Amino acid sequence: PQLANQIAAGEVVERPASVVKELTENSLDAGATRIEIEIEKGGAKRISIRDNGCGIAKDELSMALARHATSKIASLDDLEAIMSLGFRGEALASISSVSRLTLTSRPESQEGAWQAYAQGREMDVSLKPAAHPCGTTLEVLDLFYNTPARRKFLRTEKTEFTHIDEVIRRIALVRFDVEFSLSHNGKRIRHYRAASEQKQQERRLAAICGSAFLEHALHLEWQHDALGLTGWVADPRAAGQFSELQYCYVNGRMMRDKLINHAIRQAYQDKLGADQQPAYVLYLTIDPHQVDVNVHPAKHEVRFHQSRLVHDFIYQGVLSALQSATE
Ligand code: ADP
Ligand code: MG
């Protein structure tokens, strides 16, 4: 199993940031409202993610580390309407095959916490009691220690941390209800407090995207049948200064999508009468049966069944927000 897991790891675990993404998404799937991320040496030495989510029972710890073990999908029908972030059951198995991973967890219903550690060719899991509050901590040490070719491809500490920071920004932009803290080499770098009211959310938006973006942002709320679009688009006259600031989420997942970008760009063009790279943070909600997200584990791709409809909906929504800009 170790070799198979290492091969799978090649798809899921490209660098420390991909580990952080997978583990943070697991914490979110577990219903966490607070997630603490500690990084050492750009993640090459240590990645630790602690959450206050539902935890994993002692009997289920080994399963969690096994390949294709997921608690999130029970049937093929679930697969067609995925709402959780994870669903392949590959992340923990893959990560533990290329690092020294320990999993410590305690569900509320359980007396104490237990810790699991997988090792050896067969990835045998050993369990021991541990001290831990309700929730889960994943600690990943020495990433790629046993795959030197991959380890060699790691960039500088600073570059790897920048990628991790970006992963957390993307997630923090869609989960305002969750508190995130991110530290590097013992120093706290980010702290996003849970934000329920729009004012607090805008403070987080400004912290992540810059206060200039917030200043020029037009708030958007658009709805048609089962389609919804909310978020912010930059005033087209100012958008030029926010190049690359394009965050789009489909049912809570970050996506890079040509169709969406095209629709927004066209709205900008029709409003401005000139071509302009748009800047936006947008959230699309759509009936999960109307999209495929099961394209590739690491790529942010999506397929809409009715792409024309989605395109026009986004175009109209953005255009109406742009029309509201004061002249
Ligand atoms: P997936 O997320 O695709 O189900 P993973 O390999 O990422 O697969 O995780 C395997 C399983 O371990 C999950 O289905 C879940 O049951 C459990 N798990 C992982 N991380 C956590 C966590 N932070 N809190 C609770 N359960 C977790
Ligand atoms: Mg997962």
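Here are some exercises with worked solutions on a predicted model of a protein.

**Exercise 1. Getting an overview**

Find how many helices and strands there are in the protein, and what share of its residues is buried.

Solution.
- Step 1: start with the secondary structure, where you should find 11 helices and 15 strands.
- Step 2: turn to burial, and you will see that buried residues make up 49% of the 327 residues.
- Step 3: look at the contacts with a sequence separation of 6 or more; residues 24 or more positions apart account for 67% of them.

**Exercise 2. The eight-stranded sheet**

Work out the strand order of the open sheet of eight strands, and name its edge strands.

Solution.
- Step 1: follow the pairing across the sheet, which gives the order β5-β4-β3-β6-β2-β1-β7-β8. The pairing is mixed.
- Step 2: look for strands that pair on one side only; these edge strands are β5 (124-130) and β8 (187-192).
- Step 3: for the geometry, the twist from one strand to the next averages 15 degrees.
- Step 4: add a helix. Helix α2 (residues 16-29) lies across β1 (34-40), β2, β6 and β7 (179-184), and runs at about 10 degrees to β2.

**Exercise 3. Strand β6 and its partners**

Describe how β6 pairs with β2 and with β3, and decide how far β6 is enclosed.

Solution.
- Step 1: take β2 (residues 46-51), which pairs with β6 in the antiparallel sense over six bridges. In this pairing R50 stands opposite T137 of β6.
- Step 2: take β3 (residues 100-106), which pairs with β6 in the antiparallel sense over seven bridges. Here T102 faces E139 of β6, and R100 has L141 as its bridge partner.
- Step 3: recall what holds such partners together: strands of a sheet pair through backbone hydrogen bonds, either parallel or antiparallel.
- Step 4: check burial along β6 (residues 135-141). Five of its seven residues are buried, so the strand is largely enclosed by the rest of the structure.

**Exercise 4. The five-stranded sheet**

Give the order of the open sheet of five strands and say which helices pack on it.

Solution.
- Step 1: the strands run in the order β9-β10-β13-β11-β12, with mixed pairing.
- Step 2: at the edges stand β9 (217-224) and β12 (253-255). Each has a single partner strand, so one side of each is left without a neighbour in the sheet.
- Step 3: from one strand to the next, the twist averages 20 degrees.
- Step 4: zoom in on β10 (residues 227-234) and β13 (residues 280-285), an antiparallel pair with six bridges. W232 has V281 of β13 as its bridge partner.
- Step 5: find the helices. Helix α7 (residues 157-172) packs on the sheet and touches β11 (246-250) and β12, its direction making about 55 degrees with that of β11. Helix α11 lies across β9, β10 and β13, at about 140 degrees to β9.

**Exercise 5. Two helix crossings**

Classify the crossing of α2 with α7 and that of α10 with α11 as roughly parallel or oblique.

Solution.
- Step 1: the axes of α2 and α7 come within 8 Å and cross at roughly 25 degrees. Angles under 35 degrees count as roughly parallel, so α2 is roughly parallel to α7. The crossing is right-handed.
- Step 2: list the residues in this contact. From α2 come P16, A17, V20, K21, T24 and L28, and from α7 come E160, H163, I164, V167, I168 and I171. They divide into eight nonpolar, two polar and two charged.
- Step 3: the axes of α10 (residues 258-272) and α11 (residues 307-323) also come within 8 Å, and cross at roughly 40 degrees. That makes α10 oblique to α11. This crossing is right-handed too.
- Step 4: the contact of α10 with α11 has 12 nonpolar, five polar and two charged residues. Among them are L259, I260 and H262 of α10, and V310, H311 and I314 of α11.

**Exercise 6. One residue in α10**

Is N261 buried or exposed, and which residues does it contact beyond its neighbours within four places in sequence?

Solution.
- Step 1: place N261 in helix α10.
- Step 2: its relative accessibility is 17%, and buried means under 20%, so N261 counts as buried.
- Step 3: leaving aside neighbours within four places in sequence, N261 is in contact with Q246, Q277, P278 and Y280.

Methods. Residues numbered from 1 in each chain as written. Chains lettered and ligands numbered in written order. Predicted model: local features only at pLDDT ≥ 70, side-chain atom pairs only at ≥ 80, totals over all residues. Heavy atoms only, no water. Axes fitted to C-alpha atoms, helices over the stretch in contact; angles between N-to-C directions. Helix = DSSP H or I, 4+ residues; strand = E, 2+ residues; numbered from the N terminus. Parallel < 35°, antiparallel > 145°, perpendicular 65-115°, else oblique. Left-handed = near helix turned anticlockwise from the far one by under 90°. Contact = heavy atoms within 4.5 Å. Nonpolar A, V, L, I, M, F, W, Y, C, P; charged D, E, K, R; others polar. Buried < 20%, exposed > 50% of the residue type's maximum accessible area, 1.4 Å probe, protein only. Pairing = 2+ DSSP bridges.
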